[in-house]
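Colleague: Could you take a close look at one helix for me and walk me through how it sits among its neighbours? I am new to this, so please go step by step.

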Amino acid sequence: MIGAVPTAVVSHTDDIPVHRCVNLGNILDAPFEGAWAPAISTFDLDWIAGAGFDTIRLPVRFGSHWNGTIWPGFLARVEQVINRTHEHNLSVILDLHHFDQLMIDPNTCEPVFLAIWTELAQRFAGHDDRLIFELLNEPRKHMTTQRAVELYQKCCQSSAKPTPTGGSSLGR
């Protein structure tokens, strides 16, 4: 996670407005939606909001939908889920998930990682603070903690775009 300053990594959770969060894994982080679990529905979001949650964590496998840009139909579906979630007064933690190639060879895959987040920052620049970006799920293998922090800082510096609220699209 990153905090209010785009180049800083959050070291505590006081700045993150999440109190009750549910993870919607195995849906958009599957090789394709529906492969591992049913698609996210309005019924799911009604239930989540009704149960008192304020946030969903949305793991997404962008790397499988990448060919120089994120596949437009897939990105539109991600945005649809985010918009519907916001209609239920829920925040979203958008998580880049299953980017295994980055874990194995961070140097070679760094440009793709930065390009994905640049595209996401541009696409979601108009969203408010209810959209939170989790840059990478569970760094491991050759993606050491030090290497991950360096990559996060590069990502925030290269991808941060001003938003209407005066913040940064990657500064949440």
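Modeller: Happy to! In this predicted model, the chain has five helices and four strands, and along the sequence they follow the pattern β-α-β-α-β-α-α-β-α. Of its 172 residues, 47% count as buried.

Let's zoom in on helix H2, residues 72-87. A quick check comes first: at 1.5 Å a residue, its 16 residues should span 22 Å, and the end C-alpha atoms are 22 Å apart, which agrees.

Next, which residues of H2 are buried? They are Phe74, Leu75, Arg77, Val78, Glu79, Val81, Ile82, Thr85 and His86. A general point helps in reading such a list: an α-helix has 3.6 residues a turn, so residues three or four places apart point the same way. The buried residues of H2 pack against two helices, H1 (42-50) and H4 (106-123), and against strands E2 (55-60), E3 (91-96) and E4 (131-134).

Now to one of those partners. H2 and H4 pack at an angle of about 50°, with their axes 12 Å apart. Angles from 35 to 65 degrees count as oblique, and the two helices are therefore oblique to each other. Their crossing is right-handed. On the H2 side, Leu75, Ala76 and Glu79 make the contact, while H4 brings Glu119, Leu120 and Arg123. These residues divide into three nonpolar, no polar and three charged.

Finally, follow the chain just past the end of H2: there, Asn89 takes a positive phi of about 60°.

Notes: Residues numbered from 1 in each chain as written. Predicted model: local features only at pLDDT ≥ 70, side-chain atom pairs only at ≥ 80, totals over all residues. Heavy atoms only, no water. Expected span 1.5 Å × (residues − 1). Buried < 20%, exposed > 50% of the residue type's maximum accessible area, 1.4 Å probe, protein only. Contact = heavy atoms within 4.5 Å. Axes fitted to C-alpha atoms, helices over the stretch in contact; angles between N-to-C directions. Parallel < 35°, antiparallel > 145°, perpendicular 65-115°, else oblique. Left-handed = near helix turned anticlockwise from the far one by under 90°. Nonpolar A, V, L, I, M, F, W, Y, C, P; charged D, E, K, R; others polar.
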